Amino acid sequence: MEENLQNKKYLTVRELIFYSLGLFGLQAIIFYINSYQVEFYSGSGMIEASKMVIVTFIILAAKLVSAVFDPLIGNLIDSKKGGKHGKLKPFIVISTIPLSILTVLIFCKVNLTGFALYAYIFVTTTLWSVAMTLGDVPSQGMSAVITPNPTERNNLIGFSGTLKSIGQAAPYVVVPAVCLCVPGGAGIEGTISTTEYLWCAIVISVLGSLMFLGIFFFNKERVPYEAERVSLKDMFGIIKNNKYLLLVVASYFLGFARQGAMAIQAQTANAILGGANKIIILGISTAVGTVISMAVTPILIKKFDEKKVFIAMSIYGGVSSVLAYLVAVWTNFNLIALIATLFLMGLQFGAVNIMPMIMVADSVDYYEWKTGKRTEGVAYAVLSLCIKVTLALGAAVCLAWVFADFTGYQANMTEFSDSVKKGVFFSYTVIPGITSALAAIPIFFYDLVGDKKKQISADLAARRGVVE
């Protein structure tokens, strides 16, 4: 029975490609906001340098408030009876228009000051985060329902995770390209103008949304479920009784700043390399390592298991990040040494991007095996909440460090002292590195691997009548 489940194929190549491209498009939108929103406020003159720390925490507050909606959206998904399109895909369509409009709106320079400006930033960021959740939760949940075959699912998550990581780096290529196309634009060397930020938002939101919609049109939900609306109390019960989901949650929060560097790449490129658009050097250096890591991680999982690989990669992330800082300072930010160490630092992110997705999908199977109920909506809403809150918290901490008085960074500076460079690069490497190592701690208690995972998959297949 177990062997038949592992060998039966469900996914088509077309589904694999369009699901992966959909995640690519969504991540391009998300990381354009994450990487450039604060720099836009600073560089456009909307916010004074002395007030930038306040803005970073306003954005954090907005994302924390919006995170309240994540479990509600998850519950809404799980309560949907579903029609011919399933229970997840309709939400992808619903999310695209508000997400695109709000992405553009965030990069519109408004004639507001003081409290009115802070309120505008808070409201637009909150609404954008809710719209993002409407798309993010069901698109992640799709990985648990496209195929009941766990091996096929791992391969799907591995391949789509690679495209997802490339999508996160896509803005670092698109922004300089748009700046080169705009007459009198910044190109690679100059300062990005408010007009260029707006055009980048339009291009990324339109193209990203079109790619994201491919999930709706070209993928199928195959794992059966029963619609069930649960109360807020019941949702907490689902989370509480799914110990593997709780371990993933704990890991995310301990590792909250692992990807905080993504939020300050524009500032780091400006300080270290002399221009925000040189972010392409930082982004690609790390992204190449990440893509290789994403390709190798599924192989490592097969040879070892998710637990061992995640722990090893998290500890490696801490060591490589601190090493990148020490080498940069020792070589006075030599470009070749910088590229080499950032590439090595990027090798950790296969674990960050792939294995939580696999672990949450497995935790959904575990909960169904234990209770008879599938809860993709709630589980992936919790994952979305973790990602949103930890990215926001990591970004706030790293950005607050960059804009703190003791660092001395200002977006419109033309020359940066060694102390400013060291302060910014410390936030880019060491702070994320420390939390990367901490993220390994809960996973020491994760045992949903090997024979236990195979047995749960076989038992579920028998219940569903998948295997004769």
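Is phenylalanine 444 buried, partly exposed or exposed? Select it and turn on the surface: at 46% relative accessibility, phenylalanine 444 counts as partly exposed. Keep in mind as you click around that this is a predicted model.

Phenylalanine 444 sits in the loop between helix 18 (418–438) and helix 19 (450–464). Now add Leu254, Ile434, Leu438, Ile441 and Phe445 to the selection, and together with Phe444 you have a nonpolar surface patch with about 570 Å² of accessible area.

Next stop, a helix pair. Show helix 2 (residues 13–43) and helix 5 (residues 89–106): their axes come within 10 Å and cross at roughly 20 degrees. Angles under 35 degrees count as roughly parallel, and that is therefore the label for helix 2 and helix 5. Their crossing is left-handed.

Stay on helix 2 and pick glutamate 15, which meets arginine 222 in a salt bridge (3.0 Å, N to O). Arginine 222 lies in the loop between helix 9 (194–218) and helix 10 (232–240), so the pair ties together parts 207 residues apart in sequence. Glutamate 15 is buried at 4% relative accessibility, while arginine 222 is partly exposed at 25%.

Last, select Arg153, Glu306, Asp362, Asp365 and Lys453, which are linked in a network of salt bridges. Zoom in on aspartate 365 and arginine 153, whose closest N and O atoms are 2.9 Å apart. This pair links helix 16 (residues 349–371) to helix 7 (residues 150–169). Then hop to lysine 453 and aspartate 362, also bridged, with closest N and O atoms 2.9 Å apart. Here helix 19 is linked to helix 16, across 91 residues, and both lysine 453 and aspartate 362 are buried.

Terms used: Residues numbered from 1 in each chain as written. Predicted model: local features only at pLDDT ≥ 70, side-chain atom pairs only at ≥ 80, totals over all residues. Heavy atoms only, no water. Patch = residues over 30% accessible without salt bridge, like charges linked within 9 Å, V, L, I, M, F, W, Y side chains within 5 Å. Areas by Shrake-Rupley, 256 points an atom, 1.4 Å probe, with all protein chains shown as cover. Salt bridge = Lys/Arg side-chain N within 4 Å of Asp/Glu carboxyl O. Helix = DSSP H or I, 4+ residues; strand = E, 2+ residues; numbered from the N terminus. Buried < 20%, exposed > 50% of the residue type's maximum accessible area, 1.4 Å probe, protein only. Axes fitted to C-alpha atoms, helices over the stretch in contact; angles between N-to-C directions. Parallel < 35°, antiparallel > 145°, perpendicular 65-115°, else oblique. Left-handed = near helix turned anticlockwise from the far one by under 90°.
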